[in-house]
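Student: Could you take me through one part of this structure up close? I'd like to look at the nonpolar core and what sits around it.

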Amino acid sequence: MDTLDRVVATVQANVPMERQIQGLHLYQKAKARLLGTSRPAPFAEEPIPPVDQVGLADIDMSNPFMFRQGQWMPYFARLRDEAPVHFQANSRFGPYWSVTRYDDILTVDKDHETFSAEPFIVIGTPPPGLEVEMFIAMDPPRHDQQRQAVQGVVAPKNLKEMEGLIRERVCDVLDNLPVDEPFNWVDRVSVELTARMLATLLDFPYEERRKLVYWSDLAAGSEEATGGTSDTDEIFRGVRDMARAFTDLWHAKAARTAAGEAPGFDLISMLQANESTKDLVKRPMEFLGNLTLLIVGGNDTTRNSMTGGVLALNQFPDEFAKLKANPSLIPGMVSEIIRWQTPLAYMRRVATKDTVLNGQFIRKGDKLVMWYASGNRDGRHFDRPDDFIIDRSNARSHLSFGFGLHRCMGNRLAELQLRILWEELLARFDDIEVVGEPEHVQSNFVKGYSSLPVKLTRKAAS
Amino acid sequence: MATVNFVTFDGEQVEAPLVEGQSLMQVAIDNAVPGIDGDCGGEAACGTCHVVVDQQWAGRCSEPADAEEQMLEMNPDRQATSRLSCQIALSDDLGGLTVHLPEFQF
């Protein structure tokens, strides 16, 4: 460690975390003022022209309105057919390659030596000063050590312990839903259940659980990173509050354990029990990064799959009928929902050396975006790829969890949550009718919904 | 006919025909052996076809290659003779091969 690193480490270990973030914020603001760096104008939504009216070189999938305007399907279809490894030189996020076919995505995802996940897995760059360290955006060996320290919290063995609690909380939410009148499914079900899950994983104060969702939305919604709508000053304030809350949580947990309380199944207990992470609170960027990764990883993904499933079954009513007639199809349907929705549209990589991908020459340093949302609709791998088929035979091979070293570690938790949700829904309701248009979030990364009006019909007593 | 044997976590024996040239994962899937997912289809990229080779067969299977080794390292239930079954290519001399299934696939 050189002197500067040592100083940084000492400061990080001794100055309260939220003060450090506040300091960073002030520094960044002052720097912007001094150097006159002004942020580009926010994204303004304009109608996206039909894909056949656009030159191939002008196609820019980083447009954060692609999903909202429903243009992503024809645009990706054209790229897969005409330019499966496609270069866009002039996006707001700089030049990048789009990888759109299933097989090419698998090739890139598997080869972490040629295609590095560092420094970020989103197309843009998070606000300066907020580059928290997440292992999803690290290469081995650092990735492996950090992931191993936290993956136990969502490993199947731990989930077995938590299944009863998860089901209880799902039932509680469903039993309190309005019946025969429209309500917003996203807020009442998807966000609420996700917030409860995150609070359970972190043993976070239950009544403050929506804060976890708020922080996670802020982090994933940065304009510079994903074309979202989070304001940078708001992000800094959010991260400061989050740092304070998580630090308090850490110390409170340590005190309770020291006083003789049995450690729980939550993430903080696990980190404190692990030799390599028991002092993690003294490495703030890493500490915050790991917690942020967990809440971001468990937030948009599950939430939008919970909404996407309702939407899909309404768009494909024959499948809904098939499901009601045979609830044993639920586990398979869960994989199909995750494929069809693809709640995170991509992961990004950077080439570590010159290479060739499906005939295209990729230079060292080039940015590549693996569009899972496109690969999951690739007719070369999935029959009738745009159809929602609850008993699709190869649904489990979807790309939504990624493949290789960075494969989603929360995959089993996601499947468990969705399975329980649908089991309990079918037990209670005859119909979940979509009664209005969904609203889509502004992002090139999160393929999600901010609202979906639905109406429930209770099951006749049998 | 040569066969391969899967022992489930609960101790149940499941026998399947050995098909030369196929992977052990493929044989498991084709014979609906419970406890093998094989999500990535045989690319050593998901780790959901994890098996533990029986001690008696430990020396007779090849060693994991780099990609497989890395996926195994991520698995907290990894044991000394753990393999991804998609990376075990079946040949005649593996007739009678016995592998144990873990409690969970990750």
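**A close look at the core**

Tutor: Sure, let's start inside: the largest nonpolar core has 142 residues, and Trp185(A), Phe246(A) and Trp422(A) have the most contacts within it. A nonpolar core here is a set of buried Ala, Val, Leu, Ile, Met, Phe, Trp, Tyr and Cys residues joined through side-chain atoms within 4.5 Å, where buried means under 20% relative accessible area, with a 1.4 Å probe and protein chains only. Helix 12 of chain A (residues 284-315) gives the largest share of this core, 12 residues; helices (H or I, at least four residues) and strands (E, at least two) are DSSP runs numbered from the N terminus. Keep in mind that this is a predicted model, where local features need pLDDT of at least 70 and side-chain atom pairs count only at pLDDT 80 or more, while totals for chains, interfaces and linings use all residues. Residues are numbered from 1 along each chain as its sequence is written, chains are lettered from A and ligands numbered from 1 in the order written, and side-chain values use heavy atoms, leaving out hydrogens and water.

Now zoom in on Trp185(A). Leaving aside residues up to four places away in sequence, its contacts (heavy atoms within 4.5 Å) include Met306(A), Val310(A), Leu425(A), Ile432(A) and Val454(A).

Next, the sheet. Three strands of chain A form an open antiparallel sheet in the order 4-12-9; strands pair if DSSP finds at least two bridges between them. Strand 4 (183-184) and strand 9 (429-434) of chain A are at the edges with a single partner each, so one side of each has no neighbour in the sheet. Two bridges join strand 4 to strand 12 (residues 453-458) of chain A, and Asn184(A) has Pro453(A) as its bridge partner in strand 12.

Note on methods:
Buried < 20%, exposed > 50% of the residue type's maximum accessible area, 1.4 Å probe, protein only.
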